[in-house]
Amino acid sequence: MPLNTVTPKTILSTPSFQKECLSILTLTSKICEIPIIILSCVEYDTTAFIIAQTETNSKISKKKLETLNNSIIVNKKPQVNSDTTFSMGIPIIFEGDTINGTLSLWDYKPRILEDIQLKTIENLLCQIQNLYLLERQKIELREKDLYKKILDFLPTEIAVFDNNHKYLYVNPAAIQNEDLRNYIIGKDDFEYAKHTQRDTQFAKERRERFSKAAKLNTIIEWIDEIKKKDTGETSFYTRKYAPVFKENGTFEMMVGFGVDITAQKNAEDALKISNERFSYASQATSDALWDWDLITNEIIVGETYTALFGHEFIENRISALSCENFIHPDDKESYTQKFEEILNSNSLKWSDEYRYLKADGTYAYVSDKAIIIRDKKGKAVRMIGAIQDITKRKNVEEQNRLLIEENNRNKIIQLNEAKNMYRLLADNTVDLVCLHNLDTTFEYISPSIMKLMGYTPEELIGQFPMQYVHPKDLELIQHSFTSFISESEDENAYVEARFRNKKGDYVWFEIKATIVKENGKPVSFQTSARNITQQKEVQYAMKKALAQERELNELRTNLVSTISHEFRTPMTTIRTSAELIEMYIEGHNFVHSAQLQKRINTITEEIDRIVELMNAVLTISKDDAGKTNFNPIYFDLKQICMDVIETSYSHQFGGRKVLTSFVGDDFTVFADKNLMEYSLFNLLNNAFKYSEGTDHIKLNIISDTQKIQIQIIDKGIGIPEKDVPKLFNTFFRASNTEGIQGTGLGLYIVKTFTERNSGSIQVESTLGKGTTVTLEFPISKSSFKQP
């Protein structure tokens, strides 16, 4: 059955619709000069009622109107009559495929309608249809709002799904979070599970039940168990899927219902457990039940009484006095006193444990419990209880008591043995072992104190360690012991400090302390100390030697810098003189001009080599001394490569150039820009220098999500395989580079600067075919980039 119950009659009967229709009928009547226009609703093919009409007191009879309407319905097309009077009837289908309305026009004289009038009537029909649709929408909207308000306030969880199992509506009882409730509309349970980070198993199960309910056109019901992430509690819901079909039998929607039955489920489980416990207890009980009438002082006992104690009585009745005589003499006074105190109070319960005489003359330990029934005045008139034989339990308790006493005796013996063993170890250990009270005073000191400090143990017992601590270490020791004893630090403490020996000298000790607890509370602490004076002296000597080494490095750096500076001036003078001589001979025709030019070139080349060597040595010396500036920043490595190439290698001899290739999107690194430029310049310079007369140099940059690689490739002389491992040593040059200028320091500096920039360098070479140098750097993550 469809949910929509709005019928055409419902819409056509609304005052607002009828009012709007009358307005346009009146306007059409004036335009077309037709005095009477009637809009009718036809129901069940023949019965009709008037929706709106002009001239309500017209002379058109009801019978004429019915006749015209019947003719319209039978013929299913407009009917026109213009003999002595004029009438015109037009069928209207508001919805569906049957006629459920008519528009009739009447005049008291015959006439023929003009085209403009027919067009106006046609427009009138369109307006009526539009008014009908608008009114239906308003009614459906009002009903929808009403239904939504009802559903929103229902305590039952309601959800409505389309044929694809996507949510059309969810009420607040089902999802309280409004944002989540709005999100889920148009989504299915799989999307809901992903959004809320839940396992999709529940979505699969719901989809199967949805399909089954829709296929069989039946209500599916099940119990849903949900564990809440925030509290870990489990909730239970009874859920139903109810399919809704249209009148033509096609699926319209699925309505889901859910009711929280957690409280009911918990109550059922608790009741089940309670019933099981009661059932098992009833089956397993071996207690002797009794009912004591305090007025007659007669006691009725159950069948189990004889099985427990062996006494037999007529009709299981016994006097209270006889029963009391069975109580052990040593327990009777205590039993009587407690019993009378309870009876004279307002208590409704009584219990006691005592020994009870059995028929065989032995006594059984029993636990006796009862409820007390009192009259309106509070006087005890009846007691109902049960006696339980606890002899076995008492025997076990007695055995346990004896075992505990025996265990305690054994523990004391073992503890004494352990103390003796500990004392033996402490007395013979090389290290100093002490036991302190919580105020830090010495309680025990091992004899090794004599060898380590010169004191006897007796001299220090009861003394405070602080009296012997070096003044500079006193604050450290006090803070360490205070924090340790108060347990604000770990139960094990460690400290190094100096203590004064008997000669007045100070000795370094490494001290470890452990708290001693009894029943979980600190009662003392133990320390073990080891003489580390020699170790400290070695550390001091190493520190002094390190300082001297740093001073020597500083002196070496300054010396190299001074020598480099002093060499630059004469080297500059010599080079300038050579250039002047070269300029001089250019204007004269000397016999040996070629030889002079050759010598001048040799001088300038050697000066350049010496200057290059001095610069390299100075660079290495500054780096060794830690004076190389290292200022890492974020920059584009691709742009740095392009700048170095354009500045230094755009106009090489013979038209050679650097061919570049860039693979990747992000070339940002976090490194020192100057050190990177130096490395690139040096490697490109080597590539050109050792590949004269060959093809262009290639520079490739490859970037991925983790790293950036720079490859500098030449087709030059290559490097012998045996020389490759030594390339990064200082002053090392390959065996095939004789005659080519170089210092043997460039690759060492490049490797040092590359590693300073968190990178690595690798050389691959084939003799006579060329060399590939690869630099690799970690890529800078965007989350760490500076703005």
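## A partly exposed isoleucine, a buried threonine and a five-stranded sheet

I150 counts as partly exposed, because its relative accessibility is 45%, and the buried class ends under 20% while the exposed class starts over 50%. The model is predicted. I150 belongs to helix α4, which covers residues 115-152. I150 also helps to form a nonpolar patch on the surface. The other members of that patch are L146, Y147 and L154. The patch has an area of about 350 Å².

Helix α4 also holds T120. Is T120 buried or exposed? T120 is buried, because its relative accessible area is 15% and the limit for buried is under 20%. Leaving aside residues up to four places away in sequence, T120 touches T28, I31 and C32.

Now the chain as a whole. The chain has 787 residues, and 36% of them count as buried. Its secondary structure consists of 20 helices and 28 strands. Take the contacts between residues at least 6 apart in sequence: 52% of them join residues at least 24 apart. The chain exposes about 48700 Å². Carbon and sulfur atoms supply 53% of that area.

Next comes a sheet. Five strands form an open sheet with mixed pairing. Their order is β23-β25-β26-β28-β27. Which strands lie at the edges? They are β23, residues 658-663, and β27, residues 760-766. Each of these two pairs on one side only. On average, neighbouring strands in the sheet are turned by 15° against each other, with direction ignored.

β23 pairs with β25, which spans residues 697-703. The two run in the parallel sense and share six bridges. Within this part of the sheet, S661 has N700 of β25 as its bridge partner.

Two helices pack on the sheet. Helix α19 touches β23, β25, β26 and β28. In this group, β26 covers residues 707-714 and β28 covers residues 770-778. Helix α20 touches β27 and β28. The table sets out both helices, each with one angle to a strand.

| Helix | Residues | Strands touched | Angle between directions |
|---|---|---|---|
| α19 | residues 673-689 | β23, β25, β26, β28 | about 25° with β26 |
| α20 | residues 746-756 | β27, β28 | about 140° with β27 |

Strand β28 is thus touched by α19 and by α20. The edge strand β23 is touched by α19, and the edge strand β27 by α20.

Notes
Residues are numbered from 1 along each chain as its sequence is written. This is a predicted model: local features need pLDDT of at least 70, side-chain atom pairs count only at pLDDT 80 or more; totals for chains, interfaces and linings use all residues. Side-chain values use heavy atoms; hydrogens and water are left out. Two strands pair if DSSP finds at least two bridges between them. Helices (H or I, at least four residues) and strands (E, at least two) are DSSP runs, numbered from the N terminus. Axes are lines fitted to C-alpha atoms, for helices over the stretch in contact, and angles run from 0 to 180 degrees between N-to-C directions. Contact means heavy atoms within 4.5 Å. Patches are made of residues with over 30% relative accessible area and no salt bridge: like charges are joined within 9 Å, nonpolar side chains (Val, Leu, Ile, Met, Phe, Trp, Tyr) within 5 Å. Accessible areas come from the Shrake-Rupley method with a 1.4 Å probe; for residues, only the protein chains shown count as cover. A salt bridge is a side-chain nitrogen of Lys or Arg within 4 Å of a carboxyl oxygen of Asp or Glu. Buried means under 20% relative accessible area, exposed over 50%, partly exposed in between (1.4 Å probe, protein chains only).
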